[in-house]
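Hi,

Here is the structure I promised to pass on to you. Could you open it alongside this message and follow the residues as you read?

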Amino acid sequence: MTCELVETIEYPEHSAGSVMSEEYVELYSNMTVDDAFTYLQQIGSNLENIYTCYVVNSGQRLIGIVSVRTLLLADQSSLVADIMEPNVVSAHELDDQEDIMSDIRKYGFLSIPVVDDDRRLVGVFTFDDAIAVQDDEATEDFEKMAAISHSEMPYLGSGVFELAKHRIPWLFLLMIFASFTALLVELYEDSLAVLPALVAFVPVLMNTGGNAGTQSSTMIIRGMALGEIELADTFRVLGKEMVVSLICGAFLVITTYISVLFFGEGHMLAVTVCLAMMATIIMSNLIGGLLTFIAKAVKIDPAVMAAPLLTNIIDALCLVVYFTLAQIILGI
Amino acid sequence: MENELIQLLRSNRAALRQRLDSMNVVDIAEQLEQLDKADVVVVFRMLPKTEAAEVFAELDHDVQQNIIEAITDREIRYIVDELFLDDAVDFIEEMPANVVKRVLANVTSDTRDLINHFLQYPDDSAGSMMTIEFVDLQSGTTVADAFAHIRETGMDKETVYTCYVTDSQRMLIGVVSARTLILSAKEQLIGDVMETDYFFARTHDDREELLNRFREYSLMALPVVDNEGRLVGIVTFDDILVVQEEEATEDFEKMAGMSPSEDEYLKTSAWVMSKNRLPWLIFLNFSVFLTGAIVAKFEDIVAILPILVTFLPMLMDTSGDAGSQSSTLVIRGMALEEIKQTDFFPVLWKEVRVAALCGIVLAIANFIRMLIFRYEPNMGLVVSTALFSAIFFAKTIGALLPLGANALKMDPAVMAVPILTTIVDAMTLIVFFSLAKIILHV
């Protein structure tokens, strides 16, 4: 093995190249098992990952892998070419780290080789990288779903201004967005003046809608992140969410009806709130699902479509439905 | 995705057999799962004997059951004996009683005893995750003997890269890596090259503790000992990756107000899904009626000035968003052990300051926005002050709830957005309407 000057290439963030390690064991196919062990003994004390060895040809191209376990179990005189595994799961240097991580999780490999356009071996991605990447990816999703810009710094190490900087832009955007709901509610000001009791159920509908939407979008976003849900599943998922909405809605309508009567309000108002509740839950679950699929289809990270944005949209819709129903049913 | 197996099964069985030979077991399992019931069994029987168990371990439980119900007792015995014990236990745990009975009746009594023993470890404990196929060495043997031992038994071991040194009582006394063995002289004694300062877990340790140890020390495998210190199994990194994923998913679900689900989304029935979501929805629905009751107290004000209602969505949404930012960061920080119990006050103090900062910036922004939209300055004052208090309370309480839950040894993730929103909404509305009453004299 020759010691080459490692080119310093700037890999894009989150790419395989940016997280891979350049320390690995290279073997040649014409080595014997005995040669391989001699070589391992020479370099093994300096290298972190020796348990998977990579077999390259004279052009540095990856042609196979052989594990130390295989070497241990093989005959001393066998050729590496004869015992290596030629079907290698590898990653391209520009692949997303998330994809390699899920390959490691899927296959249980200790490491996955990273190659360039010409299939030349440029590094390896190891299981401990996978554990770190999996944490980072989940944290990023948590952050996006809570409308916070991603930060590499640990929480306790970040200053107050640093933390606020990651939160204010999103809060501001969402606040402006939510302000438009006001324009919709203004249309119903007269009804409110006639029947101010309507307002008591505004938080009820808004919160329940938000909660239901968060539930469905969280499940779907997580399912997508883990590769369990694909774009092709759109209609299956929406169908399922519809059924779930009907079941959840049926129960909530009952509790809502009782609660409204308990408030001392009339039967008709209770019916209005219940109908609005059913509509809210169906809309929340379906929109919660739909938004994530749309995001995926246009290649935006589905996680940004989570609770915060969703809640805004659902709030506007559920209030319009509620007040319109009130106008029709209660004749105001 | 195209399924190679189906195509080959219909056209060319010899080619199929060849293809199965060269495919990775995980990929075979993935494609098998897409076949229909009868085909699965046909293809499964074509697998080389040595691979059959490995593929079986990777299959979903419903496919496993389907295969077990179709194959002979002899085939069952072969597969279960070949499975790593942790995979066998996983599989048996998910099977219905009649299948379990048939499987256990067909394995050797040693295997049966082991399986029964493993099934008794609590869920999510190290004992329930570990497997027993590890390499154990004696301290008095030489490196050369160790290699001979590995050559003889290594094929059936989950890993050969970390070997465990036990004494005559099966007590764990050291670990030695394959790297050390390779680098040591052949005649050296294991007792001299082994590491005596090593990490281990106990059978009843929670899987989250294990995960944290793997995270921190980049371990490949961790030995598990019983109460007496005897080595009973190992947990390997590949199982930990799955645990890590499941723990994150559980947190996502809890934070969205759901009971954690067992299975993938598409495999969970709408009924089970509703069951996971309903209790929280109903609980929160009742609690939010308390908020409604508070608003009802201010009905008179609404009757006079219904325009106040138009600001409710903005106030409630912004406070909800602000609160979820704080609680999410704190919950995640605690899950990754970046935030510990002792950090209670530093974190709270930090969130209080961030809350004040965010609140002031947004209140000013909102005031300007309302002036531009030609609202009365007084109205702007009411809404902006209410907005500041909403953000301030949301963030402070958003951090306080999970920190408090942690101090009380409850799961912080449960204290996320939904509960928080309900509490903060009530406070926000009281502040808003009270301010309106005072400043606008309604």
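Below are my notes on cysteines, a charged patch, two backbone angles and one contact along chain B.

Please keep in mind that this is a predicted model.

Let me begin with the cysteines. How many disulfides are there over all chains? The count comes to zero. A:Cys248 is a good one to look at here: the nearest cysteine sulfur belongs to A:Cys274 and is 15 Å away. A disulfide needs the two sulfur atoms within 2.5 Å, so A:Cys248 is in no disulfide. A:Cys248 has a relative accessible area of 1%, and because anything under 20% is called buried, A:Cys248 falls in that class. B:Cys358 is buried too, with a relative accessibility of 0%.

Next, the charges. Which residues form the negative surface patch in chain B? They are B:Asp62, B:Asp90, B:Glu93, B:Glu94, B:Asp123, B:Glu262 and B:Asp263. Helix H8 of chain B, which covers residues 85-94, supplies the largest share of this patch with three residues. B:Glu94 sits in that helix. Its relative accessibility is 43%, so B:Glu94 counts as partly exposed.

If you check the backbone angles, two residues may catch your eye. A:Gln60 has a positive phi, near 70 degrees, although the residue is not a glycine. You will find A:Gln60 in chain A, in the loop that runs between strand E2 (52-56) and strand E3 (62-67). Is A:Gln60 buried or exposed? At 17% relative accessibility, A:Gln60 counts as buried.

The other residue is B:Ser218, again not a glycine, with a positive phi near 50 degrees. B:Ser218 belongs to the loop of chain B between helix H15 (207-217) and strand E5 (221-225). With a relative accessibility of 37%, B:Ser218 is partly exposed.

Finally, a pair from chain B. B:Asp21 is part of helix H2, residues 13-22. At 51% relative accessibility, B:Asp21 counts as exposed, because the cut-off for that class is over 50%. Where does the chain bring B:Asp21 and B:Leu47 in relation to each other? The two are 26 residues apart along the chain, and their C-alpha atoms are separated by 7.7 Å.

Those are my notes, and I hope they help you find your way around.

Best wishes

Methods. Residues numbered from 1 in each chain as written. Chains lettered and ligands numbered in written order. Predicted model: local features only at pLDDT ≥ 70, side-chain atom pairs only at ≥ 80, totals over all residues. Heavy atoms only, no water. Buried < 20%, exposed > 50% of the residue type's maximum accessible area, 1.4 Å probe, protein only. Patch = residues over 30% accessible without salt bridge, like charges linked within 9 Å, V, L, I, M, F, W, Y side chains within 5 Å. Areas by Shrake-Rupley, 256 points an atom, 1.4 Å probe, with all protein chains shown as cover. Salt bridge = Lys/Arg side-chain N within 4 Å of Asp/Glu carboxyl O. Lys, Arg positive; Asp, Glu negative; His and termini not counted. Charge placed at Lys NZ, Arg CZ, Asp CG, Glu CD. Helix = DSSP H or I, 4+ residues; strand = E, 2+ residues; numbered from the N terminus.
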